[in-house]
Amino acid sequence: MPNMFKRLIYILLLLPMACINPYEVGLDTGEQLLTVEAVLTSVPGRQEVRLTRSDTYGSVFEGLIRPVRGATVVVRDDLGDVVFLEENPEDRGSYLTPPDFATSPGRSYTLQIQTPEGKVYSSFPEKVQTVPEINSVSIETLTIPVEGEENVRSGVQLVVDVQDPIDEDNFYLWKNGPSVYILETRPDIFTPRPSDINPSRDPQPKDCCIACFRSEQVNNSGIYIANDDNFNGLNTRLVAGFVEDDGLRFVNTYRIDLRQISISQEAYRFLRLVKQQTEISGSVFDPPPANIRSNMINLEDPDEVVLGYFIAGAETTRRIYIDKSQLTFAQPRSIIPDDCREVEGAQLDPPADWNP
Amino acid sequence: MLKLRSLGILLMLFWIASCTEENLGVTFVTTEEVLFASGDQVRLLGRVISDQDVQVQDHGFYLAEDEAFSSPQIISLGEKSGPGRFIGEVSGLKVGTIYFAKSFMELSGEMIFGNSLELSTLEPAVKSFSPEFAAVGEELIIEGRNFGEDTRVFFGDQEAQVLENTLQSKLLVRVPNPGDEAQVPIRVQVQDREVSSPTLFEYQIGTYELISTYPQEIKLYDNVFFQNGPNEFYIGLGSERRLSFINGFQKFDAASSSWESVQFPGSSRSFAFFTDRYIGGGLSQLGSNPFVFDPTFWKFESGQFIQKPDLPFLTRDALAFEFEEDLYVLGSNANSMPFFSKFNSSTESWEVLPNSPVSFGRNDVSFTYQNKAYLLSTSDASIWTFDFSLQTWEEIASFPGNLGNGRGMARIIGNKAYIGLFERTNELWELDLDTFTWTRKNPMPGLPQSVLVGHFVSGPNIYIIRVPDITLAGQYPMDLYRFDPNGI
């Protein structure tokens, strides 16, 4: 009996030890640093410079990344030509160039910003290098195992074929451009949400429409960059993008414009460091955390930390149509039980330049 | 002994090994980047690099036109604590000149220089300006590059006031008085460089010269005016402030600038229709309760008023114009029904024409040019043509100006029509009848809230007389102006 009592005491002692108190990450309020995101290229159009302010990051909600409103933003080239950017009234913090703005290879550009508080920032000059054409774009199906899950993620890796110029150092950045795909839905199994007017839970099929053309902008989750150290002057194939299969995109035909942008060595170095830091996985072989320097500088306080980078480059694009038969692995088809026109960005008519 | 010697050697080795060299540190300065270069301004970025917390007595940049920095401009930024970047700015440089820049710091009394960078100040250029047509005193924006501190702007030879210089790329200037020409290049002077606009600036022109005043101290409304030849202008009938009728006319002789009273054998009237040779209709009594119409119809011929048979219709505020000696009258009758009639001068008979697609009256203006009548509707600013031979209507243009309360002027000189001066506006526009382009002319002097009393064409000029609106109390002289459409 006394033994049993002792055991009970031990068990009771173990109980409070098993409790875990959540650790609250207590951080000092972080500085609200100016963050600049801008990639201006040689393709004419309204191009964007996005200004935000960073905020404290913590284990619980700490602060919001806020747009910088009401700033004066100009882009100036090395001849002295100045382009004034207008703030997008529908997207605060986004400043747009005039509709015909394009960079010119050989010219250098600086971004100048005056914030509403009167602080003036300038970028270092960014020289625009010429960009070689993309010979072709091919695809490779990629599957990505997901830890703890049976189903793998998958998608299409975009691979460019480029003839690198021999007489110059080239630095490449690839970004996904606009894409369009045939979206197939199931209006025949449409079941509306029960309401006072229509309390039925039975399917109420719609007559239209099964197939639409859906436009979207799929941004890369990773950073796709390269320098020509290993292939200077050679023809080479490089992975330049990834489009995830969400069960809708590759059901029929998918089209994407791949953008190839020449960037400066400094911009490449910045993006490489960002790529390294964002791809840290916690392994012992990871690079140590680093302070990545922006090319923006406060003219009155040059030591102020500014985040982001102003990139000016030349751009070329290549369009690719991907048929579902080209994929070696596809995700199970997602079902949208509704008229395809109800999906955001979808329309019945194909784009005027749809030519698979 | 041997042990002592070994111990001594060991101690010596320890002593040598324990010596530490004094760490003097590494401190230097670099010239990193030319952040900004314009016509006369440069912004440079330098950096003090050190492995210790240095105290620099002075730092900054040297700037010179020669690589040897023989007579440098020194941009001194003063003391600096610790390493880090610094920015220096200098203005007042020569445009389009090569310079050399290097950073410096003074550390413990020693001047240390960074690397040298070559840079060039930029050349100014004018890309565009807007608007391309403006009046004296209006503001104009010149876009270009590298407009330095002392930039001067000239319209032809006339210097303009520079109101604002934004980022050396946008000049806000006030249009100066014109010289001798209506179209001039815009010249921008930056130091010893001069750049011109690729296109010419056009002044808003048109001058008004006050030549006479109506001989009676009255305010005349709802009157009749016409001219006999290039020098005889008749103004009369109508009413004095709508209180009493005016009998007869005042004739102005443009050659002698003199006025003379002329009797009218018919009855006084308001709101009559008229051309240079015909007068008819209108109201024979003041007031509108009820309207009392005057049916009489008169022709002015060889300096005489000749009565013709009464009108086959009653009308007030009708619009009239002539073509090949025939008279056309548009308006509404006593029952407010629209009509369009033609008086054949050879047969002296009236003919009813199909109604116009929109209603016209004396509120609207008309002129004839080549084989067409042009009518401007003040209800929607549309301009219609009536083809006399085909008797067809066509809407061809729209008036860009202010229609005020209607009752404006339309006169022809050569291939240009001058349209405007509607009630309570002083705007006047020129319409090129070959290209159908509009050009705004200088506004008429005097009160903008005025009403036309008469307008006449003589040679290259238009003679215009207006009276302040009836709602303006007080006595105002009715001034007669000579308008030169091309006057500068």
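This passage describes the domains of chain B, its contact with chain A, and several unusual backbone features in a predicted model.

The domain assignment divides chain B into three parts: domain 1 covers residues 27–120, domain 2 covers 125–203, and domain 3 covers 207–484. The centres of domain 2 and domain 3 of chain B, taken over C-alpha atoms, are separated by 42 Å.

Chain A and chain B are in contact, with 11 residues contributed by chain A and 14 residues by chain B. On the side of chain B that touches chain A, the elements that supply two or more residues are β1 (27–37) and β7 (84–91) of chain B. Of these, β7(B) provides the largest share, namely four residues. By residue class, the side of chain B that touches chain A consists of six nonpolar, five polar and three charged residues.

The backbone was then examined for departures from the usual geometry. In general, most peptide bonds are trans, and most residues other than glycine have a negative phi. Exceptions to both tendencies are described below, beginning with the peptide bonds.

In chain A, the bond that joins A:C208 and A:C209 is cis, with omega at about 0°. A:C209 is placed in the loop between β12 (171–184) and β13 (211–217) of chain A. In chain B, a cis peptide bond runs from B:S130 to B:P131, and its omega is near 0°. The loop that holds B:P131 lies between β10 (125–130) and β11 (133–134) of chain B.

Positive phi values were found in chain B at B:Q168 and at B:S257. For B:Q168, a residue other than glycine, phi is near 55°. This residue, B:Q168, sits in the loop between β14 (158–166) and β15 (170–174) of chain B. B:Q168 counts as buried because it has 24 C-beta neighbours inside 10 Å, where 20 or more are required.

For B:S257, which is likewise not a glycine, phi is positive and near 55°. B:S257 is located in the loop between β24 (249–253) and β25 (258–262) of chain B. Here 11 other C-beta atoms lie within 10 Å, so B:S257 is exposed; the limit for an exposed residue is 12 or fewer. A positive phi is therefore seen in a buried residue, B:Q168, and in an exposed residue, B:S257.

Methods:
Residues numbered from 1 in each chain as written. Chains lettered and ligands numbered in written order. Predicted model: local features only at pLDDT ≥ 70, side-chain atom pairs only at ≥ 80, totals over all residues. Domains from an automatic or database assignment. Contact = placed C-beta atoms within 7 Å. Nonpolar A, V, L, I, M, F, W, Y, C, P; charged D, E, K, R; others polar.
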